[in-house]
Amino acid sequence: MKKILFVFIILTTSTSLSQDIRLVNFESSSCTEEQGIGNSILSIKEDKNTLIIKITAELNCCASVFASVDFKKRFLRKNILNLRYENYSEEYCNCICYFEYEYTIEGLKKNNYLIYINNKEIEK
């Protein structure tokens with residue numbers, strides 16, 4: 001009986017702590033010269049229920065990008081906010097460009113999360 005009660009408490013706590021986040025806007029800069037930076041965070045702005053994160057990426061010059069976010073709750077550890085972008089273009093050019101991507105996210109309640117870009121942790 002104690003085991004059943006413990007499992008029920010964990011499931012109830014996990015469900016009640018979940019956050020419904022959504023990507024409300026995504027903007028991409030124009031292609032600029034390769035800078036050798038790779039994935040990094042340029043800026044983070046928080047305003048009430050809205051988070052704006054600007055990141056860098058280097059991709060093929062002819063890339064067409066689809067963006068998404070997901071939020072993973074982790075028990076007794078920091079949660080994960082994963083910013084994702086995927087190149088869905090079938091066309092490839094013989095060049096690499098530097099891009100800045102800006103994600104506007106709503107629904108995050110607290111700053112108790114790690115930021116990942118394409119499933120890799122990035123320092124804030």
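A residue counts as buried when its relative accessible area is under 20%, as exposed when that area is over 50%, and as partly exposed in between. With that scale in hand, C93 is easy to place: at 28% relative accessibility, C93 is partly exposed. The structure discussed here is a predicted model, and C93 is one of the cysteines that take part in its disulfides.

A search through the whole structure turns up three disulfides. Counting the bonded cysteines along the protein chain, the pairing follows the pattern 1-6, 2-5, 3-4. The pairs are taken in turn below, starting with the one that includes C93.

C93 is bonded to C62, with 1.5 Å between the two sulfur atoms. The torsion about the S-S bond of this pair comes out at about -45°, so the link is left-handed. C62 sits in the loop between β4 and β5 and C93 in the loop between β6 and β7, and the pair thus links distant parts of the chain, 31 residues apart. As for solvent, C62 has 19% relative accessibility; the cut-off for buried is under 20%, so C62 falls in that class. Its partner C93, at 28%, is partly exposed.

The pair C61 and C95 is also joined by a disulfide, with an S to S distance of 2.3 Å. C61 lies in the loop between β4 (50-60) and β5 (65-72), while C95 belongs to the loop between β6 (79-87) and β7, so this bond ties together parts that are 34 residues apart in sequence. C61 has a relative accessible area of 22%, which makes it partly exposed. C95 is partly exposed too, with a relative accessible area of 32%.

That leaves C31 and C97, whose sulfur atoms are 1.6 Å apart in their disulfide. The angle about the S-S bond is -50°, and the link of C31 and C97 is left-handed. C31 is found in the loop between β1 (22-28) and β2 (32-33), whereas C97 is part of strand β7 (residues 96-106), so the bond ties together parts of the chain that are 66 residues apart in sequence. The two ends of this link fall into separate accessibility classes: C31 is partly exposed at 38% relative accessibility, but C97, at 2%, is buried.

Note on methods: Residues are numbered from 1 along each chain as its sequence is written. This is a predicted model: local features need pLDDT of at least 70, side-chain atom pairs count only at pLDDT 80 or more; totals for chains, interfaces and linings use all residues. Side-chain values use heavy atoms; hydrogens and water are left out. A disulfide is a pair of cysteine sulfur atoms within 2.5 Å. Helices (H or I, at least four residues) and strands (E, at least two) are DSSP runs, numbered from the N terminus. Buried means under 20% relative accessible area, exposed over 50%, partly exposed in between (1.4 Å probe, protein chains only).
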